[in-house]
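Open the model in a viewer and keep the sequence panel visible. The stops below are meant to be selected one after another.

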Amino acid sequence: MNQLPYIIDDRETPKFWVNRATMVEQEILDLEKKKIFEKCWLYVGHESELNKVNDFRTRRVGGRPIIFTRSATDKINVLVNVCTHRGMILETRKEGNARNMRCFYHGWQFNTEGRLTSMPAEEDYPAGWKRAERCLPRPAHAASYRGFWFLCWDKEQTQSLEEYLGNATDYIDLLADQACGDMMQVSSGTQYYTMHANWKLLVENSIDGYHAATTHNRFLQMVSASVKESEFDARKGSKARVGVRRKRTSLKGNGTADLGNGHVSIGGSDLSKGKSRGGLGRAFTDSHLQQEHMLRRDEYVKLYGEEWTDRMLGGRNMLIFPNLVINDLGMGATIRAFYPEEPGYMDVTSWEISPPDLSPGLHEARKSDFLTFWGPAGLATPDDVEALARCQRGFESYEIDPWNDISRGMDKSEDELVGAGEVQMRVFWRHWNTMMTGAASELEAEIEPYEKVEKSDLIVRSRS
Amino acid sequence: MSVNEETSISPNDVMLQDNQLRFAAENYLITEAELLDTWQLDKWFALWAAEGDLAYEIPSTDQPDADPDVHLMFVRDDRFLLRQRVRSTMNGTNWAENPRSTLRRMVSNVTAVERADGSFVFKCNFVVYRSQEAVQQIFPGHSIYQLERGGEYGFVIRHKRSVLDLQELRPHGRVAFIL
């Protein structure tokens, strides 16, 4: 194993280097599983994926098969998807609705609460054998914040989900509040794909504020063509000139917020004041849609005030440590969770999430705009898939030059930067390093921790 | 009505279909396949109807019968986005296809029917072999076309839906070429 440190966090020079061995070596992945994925709260799914009682979804979380269900009694459950009899995978469908799930091996049957409800020849079991002791197992902890469900496999975990999320709850609120007191809704249609790259490369990529200009040139060409097209439409006089003036959505730098526990967000407020959908995506070519968008904005302002509305509608990329990304770019929002299968291979699952009560036109525009950017056939994500795979290929030479350089902006405040900095990635890596080595850094935090907004003054939580 | 219902072809239709029309459809789909495999995407784009709405769709693998108004898909391009997709692939900024992969597609099981309104529905199965450096990937699927008379090759495409016959886009990871 490579004996060099995982990271070099040199505040004198200054420089921040990451050892590429952390992306390549199997021993490090094995350690990550033990020290990170076994310890942290991990994303399971969103409550709106289970709208009816007895709805279920199966997936893997932290390397284990789980069933995410809404029980007959209308409670959300996170169960281990393994028959307690002989250990076979119980439910093999990805999603469905069923009062009972039956293991086809010997016929043991469980309900959506995980209770063993029936089995052949129960009488043949010894006296004292109890069905109740053979319910489906559960992770050590499962909890939700505003519809986002997480589990933790670690019995020793002392932090509640809210404590673990820390200041990131504000950033989840920025998305969840868009439902105006209802529950945000995850769309049906899931993107199951992969990247031939180390999972931490997708962490970095998801909060990388400046790769867009080069990697996503294709997407930016599309945006500027759409602006031209809408201006052209406007000149033809058939439609009002709308939504074509775009401004930077973030302040100088990244608008980085260190949310604690390795969670971090970049992004800013909506300087267009609703005239564009977060500054990304296609320009509105339809004045009616633009109007609807402004009406929606007015509603937010009424409920939450100008300041919070601006933040809600500004683009943000957030990492919830270790492997959940919630990107809300105004024109749409994605939830993305990813797990390493091998050092150079990860499974990625992405969902779209929207307010449930958007007008059909706005909802359609949102889903369509989502696809212009995200997903394995969008105009941006495939380029990320490609870039990360090529990094991973490049890491084959890691013994020759083991260092990735993430020093950008280290001796400057965000205001002094000409472009976007990399402090958000350093926040991730420092926390990762602490968890892996067990030694907290003695160096002070590079940026002031984000402070939660005092919501009672600012925000009305729901319409009622 | 879903795309599938609108364009459904029963086994009986297949037995009774106009073989001359099917022959024309096969010629058309073979021509399209050739243009895609040889990256003549501008010419391929000219196969589409020149005026009015058009749609190129790939449903997500878990919702092959997706309704674009309800489900999140992989691709849902209108004329503008499809033109952008073609343009950026041709100008080299579609990084997953730069350098270009080597593509070869097989098109078969072609059915073709004319509808009462004078439009046409073609269906076919496809397999695309994609090779890039040492990696070979296979993309099996089927496509449903709605077309009208016109254009250089006798028909113009109004709507094309390519459904990947995969349960997950794994291990492929992406579809950055045109199916």
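Two strands count as paired if DSSP finds at least two bridges between them. The model is predicted, and that rule is applied to its coordinates at the first stop.

**Stop 1: strand E17 of chain A**

Select residues 316–320 of chain A, which form strand E17. Which residue of strand E18 stands opposite A:Arg316? It is A:Asp328. E18(A) covers residues 324–328 and runs antiparallel to E17(A), with five bridges joining the two. The connection from E17(A) to E18(A) is a hairpin through three residues.

Now add residues 263–267 of chain A, which are strand E16. E16(A) also pairs with E17(A) in the antiparallel sense, here over four bridges. A:Ser265 has A:Met318 of E17(A) as its bridge partner.

Show the side chains of E17(A). A:Arg316, A:Met318 and A:Ile320 point one way, while A:Asn317 and A:Leu319 point the other way. Is E17(A) enclosed or open to the outside? Five of its five residues are buried, so the strand is largely enclosed by the rest of the structure. A residue is called buried when 20 or more other C-beta atoms lie within 10 Å of its own.

**Stop 2: helix H9 of chain A**

Step back along the sequence to residues 306–313 of chain A, helix H9. Six of the eight residues here are buried, so H9(A) too is largely enclosed by the rest of the structure. Those six are A:Trp308, A:Thr309, A:Asp310, A:Arg311, A:Met312 and A:Leu313.

**Stop 3: the largest nonpolar core**

Select A:Leu42, A:Val44, A:Leu202, A:Leu319, A:Ile320, A:Phe428 and B:Phe122 together. These are the residues with the most contacts inside the largest nonpolar core, which has 136 residues. Helix H12 of chain A, residues 423–437, gives the largest share of this core, seven residues. Domain 1 (43–158) and domain 2 (181–458) of chain A both contribute residues, so the core lies between them.

Centre the view on A:Phe428. Leaving aside residues up to four places away in sequence, A:Phe428 touches A:Val203, A:Gly262, A:Val264, A:Leu319 and A:Phe321.

**Stop 4: the two domains and the whole of chain A**

Colour residues 43–158 and 181–458 of chain A separately; these are domain 1 and domain 2. Their C-alpha centres lie 33 Å apart. How many residues of domain 1 are in contact with domain 2? Eight are, and they meet 10 residues of domain 2. On the domain 1 side, the residues divide into one nonpolar, four polar and three charged.

Zoom out to chain A as a whole. The chain has 13 helices and 21 strands, and its C-alpha trace spans about 80 × 55 × 45 Å along the principal axes. A compact globule of 464 residues would have a radius of gyration near 23 Å, and the 24 Å of chain A agrees with that. Of the 464 residues, 49% count as buried. Among contacts with a separation of 6 or more, 65% are between residues 24 or more positions apart.

**Stop 5: where chain B meets chain A**

Show both chains. The contact takes 31 residues from chain B and 36 residues from chain A. On the chain B side, the elements that give two or more residues are strand E2 (73–77) and helix H5 (79–90). H5(B) supplies the largest share, five residues. By class, the chain B side has 15 nonpolar, nine polar and seven charged residues.

**Stop 6: backbone details**

Two cis peptide bonds can be inspected in turn.

- A:Thr13 to A:Pro14 is cis, with omega about -15 degrees; A:Pro14 is in the loop between strand E1 (7–10) and strand E2 (15–19) of chain A.
- B:Asn98 to B:Pro99 is cis, with omega near 0 degrees; B:Pro99 is in the loop between H5 and strand E3 (102–114) of chain B.

Finish with two residues that have positive phi and are not glycine.

- A:Asp74 has phi of about 70 degrees and is located in the loop between strand E5 (64–70) and strand E6 (76–80) of chain A. A:Asp74 is exposed, with 10 other C-beta atoms within 10 Å.
- B:Trp39 has phi near 60 degrees and lies in the loop between helix H3 (19–37) and helix H4 (41–45) of chain B. B:Trp39 counts as partly exposed, with 18 C-beta neighbours inside 10 Å.

Definitions and conventions: Residues numbered from 1 in each chain as written. Chains lettered and ligands numbered in written order. Core = buried A, V, L, I, M, F, W, Y, C linked by C-beta atoms within 7 Å. Buried ≥ 20, exposed ≤ 12 C-beta atoms within 10 Å, placed from the backbone. Domains from an automatic or database assignment. Contact = placed C-beta atoms within 7 Å. Nonpolar A, V, L, I, M, F, W, Y, C, P; charged D, E, K, R; others polar. Rg over C-alpha atoms; globule rule 2.2 N^0.38 Å.
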